[in-house]
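Visitor: I have a structure to look at and some questions. Could you guide me through them one by one?

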Amino acid sequence: MTSTIPAAVAGTLAGPPPPGVAGTRPRPAFATDVAVLAERHLRLMSRRPASIISAIVLPLVFALLFFTVFSRVMRRGGLDYIDYLLPAVVIQAVFFTGMSSAILAAEDALGGTLRRLRTMSVSRPAPALGLLAAELTRSLLSLGVLLAIGAALGFRFHGGPWKALGFPVVMLAFAAALVTCFIALGLAIRRLEAVTTATNLIYFPFMLLSSAFTPAAAFPSWLRPVVEQQPVSRVADALRALTAHDAALARPLLIAGAWLLGLGVVGVLGASRALGRAAA
Amino acid sequence: MTAAVEADALVKTFGDIRALDGLSLRVEAGTILGLLGPNGAGKTTAINVLTTLLSPDAGRATVAGHDVVEQPALVRAAIGVTGQFAALDSGLTARENLVLFGRLMKLGRAEARRRAAELLERFTLTEAADQRTGTLSGGTRRRLDLAASITREPAVLFLDEPTTGLDPRSRLALWEAVRELRASGITILLTTQYLEEADELADRVTIIDRGRVVAEGTAEELKRRVGGAVCHIAVADAADRQLVSETLGTLGPVSVLPDGVSLPATGPETLVAVVRELDEARHAGLPIARIDDIGLRRPTLDDVFLALTGHPATPDAQADGEAAASDEAGRPARPTAEVAS
Ligand SMILES: Nc1ncnc2c1ncn2[C@@H]1O[C@H](COP(=O)(O)OP(=O)(O)OP(=O)(O)O)[C@@H](O)[C@H]1O
Ligand SMILES: [Mg+2]
């Protein structure tokens, strides 16, 4: 291949040459880029003990811990705690996924991967979308593990197969919105300790001041409106509506959907801005 | 000849810093251009503009016939880039990294694997093939990085300080690889702080300082511009260098270099005069501890740089040598300063 210059000059006149011919130049192919980069992240995650721990071990430990500590108290209050608990630990696992995505995004920005991809024929949003796809796969794995342990502890979908199918859909929507925001955060901050601090500052208040682990009624009355309205509680409401026998479905789904849409828009705007900066 | 890279009066500012201040350069197709300059000269910024990472504030540039601002996608499709800091996944093996690059360059799975095997062979990486990249030595990582950037035989290859931080043996291996790439017809623009490296590899050399070209030509031409022979006194110790340079001040304009002191020579008589001066100084009680070598030689690019810019190319020649610490002590593994912007 010594005739590279003539080929490239021909490219100016006739546009990029068709793919697959020897000596031609690569062209962006969106889906391939996303798939290849998702595979890259999944492979890297599978080799990283911290990823496996936060995707599988931690959610399990929390599920068992909360179950052993609270199930008796809650049952006394007339609540089947494993049914109440499962959506909470699922939401928590999504947060762990989000934290992982922020770190990985920051690492790609720091390690020069993003800059290098930017000098290649790789479509612009592919690095972020590849990471998103990998994290969604990861959170499905967490969900599978949690559903298995939940089933062993007595968790059931009481609303029939359609609602049961809605459960992973809502979880994935939540994960997509949250991970997108966290990727934006990681790309924007680009300092590993600062990223960890920032994600913790989001995780703790939103998780603890929500109706995920304990009903809103357990909070002091002045705090209750905040606890009830905030997005994590709203997503928990939607997930619980999907596991219950005959709960009203439309309202919690709509409210959660609105939150997630808003969160998603913020995430996409933030991530595309940060991606441009991180690569420059 | 056709130009594979052509830059015309590029300007790029970061706040008050004019990283590129009207930089023009040209790389003929199939040749190697050495872009030579000290720390902060604007080498990386020039590469970033030419590889579409940064857009220039003024001026224009074409790479492989495409305008870097107007047609970035076509430029990206025609280039390979090995940055100043290796961008490989330390958690993947050498082979996996190469397959990844092949896939991102739109090779099919099987084709990417085949190409990776071929590159491992060609860059003598077969032993490292199935080790995690994070465990490889710096030189091996650099070669792998180079292999990755030519996965799809680029028309133009950009190498930003490809051997900075490498031991001499790894440096030789990398030089060999670069020469081979040139032989296969790839146009190469490489930046370096090592004058020796430009001398070894480059067909033509462009010397830049503070974002501007200070000289351009073949290494030979540039050496000729500085004039005839040079008397070089090799002195390892910085304090000794200072003493020697003061002692020889009477013989002509003395330059203090990283590895010694040099002054223009008219012929063997300069050598005699230098030896006499040093001998007398020593007898007079001047505490010059150790002189490693005295000799006449053709000017090096170091001399060229000094003659053209008025200051030495390597920072540790600047008297106290404080600037050298940043480089000799190993550059930061991650380009924190660049990234933090
Ligand atoms: N993103 C940035 N923001 C602010 N200043 C920058 C940025 N990038 C480079 N500079 C400044 O521009 C000048 C040229 O930098 P550049 O990195 O191009 O030099 P260089 O020749 O590559 O140096 P080195 O040999 O140290 O790699 C320097 O003064 C540097 O501090
Ligand atoms: Mg540089």
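Visitor: What pattern does chain A follow along the sequence?

Guide: This is a predicted model. The secondary structure of chain A comes to eleven helices and zero strands. Read along the sequence, the pattern is therefore helix after helix, by the DSSP runs that define these elements. Written out, chain A reads α-α-α-α-α-α-α-α-α-α-α.

Visitor: What share of the residues in chain A is buried?

Guide: Buried means under 20% relative accessible area. Chain A has 280 residues. The buried ones make up 50%.

Visitor: Among contacts in chain A between residues at least 6 apart in sequence, what share joins residues at least 24 apart?

Guide: Contact means heavy atoms within 4.5 Å. The count takes in pairs at least 6 apart in chain A. Those at least 24 apart come to 78%.

Visitor: Which helix gives the most to the largest nonpolar core?

Guide: That core has 62 residues, and Leu85(A), Ile91(A) and Phe95(A) are among those with the most contacts inside it. Several helices of chain A supply at least two residues each, including α3 (49-76), α4 (81-110) and α7 (161-189). With 19 residues, the top giver is α4(A).

Visitor: Why might such nonpolar residues sit together?

Guide: There is a general tendency in soluble globular proteins. Nonpolar side chains tend to be buried together.

Visitor: Which residues does Ile183(A) touch, not counting residues up to four places away in sequence?

Guide: Ile183(A) is among the residues with the most contacts inside the largest core. Leave out residues up to four places away in sequence. What remains is Ser101(A), Ala105(A), Ala128(A), Leu131(A) and Leu132(A).

Visitor: How many residues does the other core have?

Guide: This core lies apart from the largest one. Among its members are Leu119(B), Leu146(B), Ala147(B) and Leu157(B). Its count is 56 residues.

Visitor: Which residues coordinate the magnesium ion?

Guide: The ion is ligand 2, and its donors sit at 1.8 to 2.2 Å. One donor is in helix α1 (residues 43-50) of chain B, the other in the loop between β6 (79-82) and α3 (94-104), 40 residues apart. The pair is Thr44(B), through OG1, and Gln84(B), through OE1.

Visitor: Are these two residues, Thr44(B) and Gln84(B), buried or exposed?

Guide: The cut-off for buried is under 20% relative accessible area. Thr44(B) has 16%, and Gln84(B) has 13%. So Thr44(B) is buried, and Gln84(B) is buried.

Visitor: How much of the accessible area of ligand 1 does the protein cover?

Guide: A polar side-chain atom of Asn39(B) lies 2.8 Å from an oxygen atom of ligand 1. For a polar side-chain atom of Thr44(B), the distance to an oxygen atom of ligand 1 is 2.7 Å. On its own, ligand 1 has 630 Å² of accessible area, and the protein covers 73%.

Visitor: Which element gives the most to the shell around ligand 1?

Guide: In total, 16 residues surround ligand 1. The elements that give two or more are β2 (17-28) and α1 of chain B. With three residues, the answer is α1(B).

Visitor: Which backbone oxygen does the side chain of Arg241(B) reach?

Guide: Arg241(B) lies in helix α9 (residues 238-247) of chain B. At 7% relative accessibility, Arg241(B) counts as buried. Its side chain reaches, at 3.4 Å, the backbone oxygen of Leu257(B).

Definitions and conventions: Residues numbered from 1 in each chain as written. Chains lettered and ligands numbered in written order. Predicted model: local features only at pLDDT ≥ 70, side-chain atom pairs only at ≥ 80, totals over all residues. Heavy atoms only, no water. Core = buried A, V, L, I, M, F, W, Y, C linked by side-chain atoms within 4.5 Å. Buried < 20%, exposed > 50% of the residue type's maximum accessible area, 1.4 Å probe, protein only. Helix = DSSP H or I, 4+ residues; strand = E, 2+ residues; numbered from the N terminus. Donors = N, O, S within 2.8 Å, 3.2 Å for Na, K, Ca; no water. Near = heavy atom within 4 Å. Polar contact = N/O pair within 3.5 Å; in protein donor to acceptor, adjacent residues only side chain to side chain. Areas by Shrake-Rupley, 256 points an atom, 1.4 Å probe, with all protein chains shown as cover.
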